[in-house]
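Got your viewer open? Let's take a walk through a protein, one selection after another.

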Amino acid sequence: MTAEPVTGAWRIGDPPGRRQFVTGPELALEAGGALPGYTLAYETWGTLNSDASNAILVEHALTGDSHAAGPAEPGHPSAGWWDGLIGPGKALDTTEFFVVVPNVLGGCQGSTGPSSPDPDGAPWGSRFPVVTVRDQVATEAVLADALGITRWAAVVGGSMGGMRALEWAVSLPSRVATVLVLASTARASAEQIAWAAPQLHAIRADPDWHGGDYYSAPAGPYRGLGVARRIAHVTYRSEPELADRFGRNHQSGEDPLRGGRFAVESYLDHHAEKLAGRFDANSYLVLTESMNTHDVGRDRGGVAAALGRVTARAVIGGVDSDRLYPFYQSAEIAAGIKGTTEPAVVTSPYGHDSFLIETEQIAALVKALLG
């Protein structure tokens, strides 16, 4: 989505770029009720072979989308978020594999979400139902069926994408040959839910939120979304990195003693403005709450019993400086999946975002997964 000057106001109806679309039937939701049909946007790279055995599903994180590889272009204002990993000769080699990246249900980059029209043509807004990670995986299974893929050669994801990758391996084990879960968890922790709480409150406290029905208003809750992003972005990086990168430096030409900003404040402002220009606040709420309710053990006898259902060969990776998804959570996943070795350590100063930044280390884990 292209950002507008100053406010960066996300709007419905931006160009589709290279997205493709699949529609699904009525979806019975885990929390109750149903979604009367839906659309998933997705992108692909490479060619599906004759027996559909070379397909890899890549799952994006909270504010990601289907554009995981390739340059910025109309409909895609930024280069692919995993561009260093997907392509000819790269770890996810598109001369060998058929790579599929869907935009998650509840999102705002082509898939059905709060900004999408309901059956009567009005945006869902506040009436969009609660969706869980399990619901999201159910829609991705419909996408796989539409593409003729009965079993993924691999399902790969980090952070929120790691939640969906793990849910695939737990709920549909016969359809997943291998799985890579990066910087993620089997269930949201109290601290993760606590970090999310002020973000949710910031959006809902914005005077322009209008209870979630702001699509026809002059402005949406962009300030609240910006505050949410500032809070989140601190958790995505590490304290040593922020100290080393910014310290107590002032933003160029500004003096905090006279109303100016510290450099680290300017950095957070920049990321807030970027997100407001490409993302819908309601989708941020829906997806954050789907992460809060993530628990592979729910109604399955607990996490250990759920992980015991996994038959895929698994590689689990955690980041040594991750303060949002600490390494012990990766260790819990690895310990629960039969035949899985100790989790791999991604060594980096960049905190949780390392799964997006440390291309060489992540590439090595992908190669280990694919043999």
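Here comes the tour, starting with the whole chain and then going to single strands and residues.

**Stop 1: the whole chain.** Before you click on anything, keep in mind that this is a predicted model. Show the cartoon and you can look for 11 helices and 12 strands. The chain's radius of gyration is 20 Å, close to the 21 Å that the globule rule gives for 371 residues, so the chain is as compact as a globular protein of that length. Turn it around: along its principal axes, the C-alpha trace spans about 65 × 50 × 40 Å.

Now switch on the surface. The chain exposes about 15,000 Å², and 55% of that comes from carbon and sulfur atoms. Inside, buried residues make up 56% of the 371. How far along the chain do contact partners lie from each other? Taking contacts with a separation of 6 or more, 71% are between residues 24 or more positions apart. You can colour the charges too: there are 28 positive and 41 negative ones, and the mean positions of the two groups are 2 Å apart.

**Stop 2: strand E10.** Select residues 178-182, which form strand E10. Is this strand mostly covered or mostly open? It is mostly covered, with 5 of its 5 residues buried. Show the side chains and you'll see Thr178, Leu180 and Leu182 pointing one way, while Val179 and Val181 point the other way. Next, add residues 154-158, strand E9, which pairs with E10 in the parallel sense over 4 bridges. To find one spot in this pairing, look for Gly157, which stands opposite Val181.

**Stop 3: two residues with a positive phi.** Most residues other than glycine have a negative phi. So which way do the next two go? Click on Ser159 in the loop between E9 and helix H2 (160-171). Ser159 isn't a glycine, yet its phi is positive, about 60°. It is buried as well, since its relative accessible area is 6% and buried means under 20%.

Now jump to His210, in the loop between helix H3 (190-204) and helix H4 (222-236). Phi of His210 is near 55°, again a positive value in a residue other than glycine. As for its surroundings, His210 counts as partly exposed, at 43% relative accessibility.

**Stop 4: Ser330.** Select residues 327-336 to bring up helix H9, then pick out Ser330 in it. Ser330 is buried, with a relative accessible area of 1%. Which residues does it touch, leaving out those up to four places away in sequence? They are Ala183, Ser184, Ile316, Gly317, Gly318 and Pro343. Try the distance tool here as well: Ser330 and Ala186 are 144 residues apart in sequence, but 8.2 Å apart in space, C-alpha to C-alpha.

**Stop 5: strand E4.** Finish with residues 38-45, strand E4. Why is E4 called largely enclosed by the rest of the structure? Because 7 of its 8 residues are buried. Two other strands are worth switching on here. Strand E1 (residues 20-24) pairs with E4 in the antiparallel sense over 5 bridges, and in that pairing Gly24 stands opposite Tyr38. Strand E8 (residues 98-102) also runs antiparallel to E4, joined to it by 4 bridges. There, zoom in on Trp45, which stands opposite Val99.

How values were computed
Residues numbered from 1 in each chain as written. Predicted model: local features only at pLDDT ≥ 70, side-chain atom pairs only at ≥ 80, totals over all residues. Heavy atoms only, no water. Rg over C-alpha atoms; globule rule 2.2 N^0.38 Å. Buried < 20%, exposed > 50% of the residue type's maximum accessible area, 1.4 Å probe, protein only. Contact = heavy atoms within 4.5 Å. Areas by Shrake-Rupley, 256 points an atom, 1.4 Å probe, with all protein chains shown as cover. Lys, Arg positive; Asp, Glu negative; His and termini not counted. Charge placed at Lys NZ, Arg CZ, Asp CG, Glu CD. Pairing = 2+ DSSP bridges.
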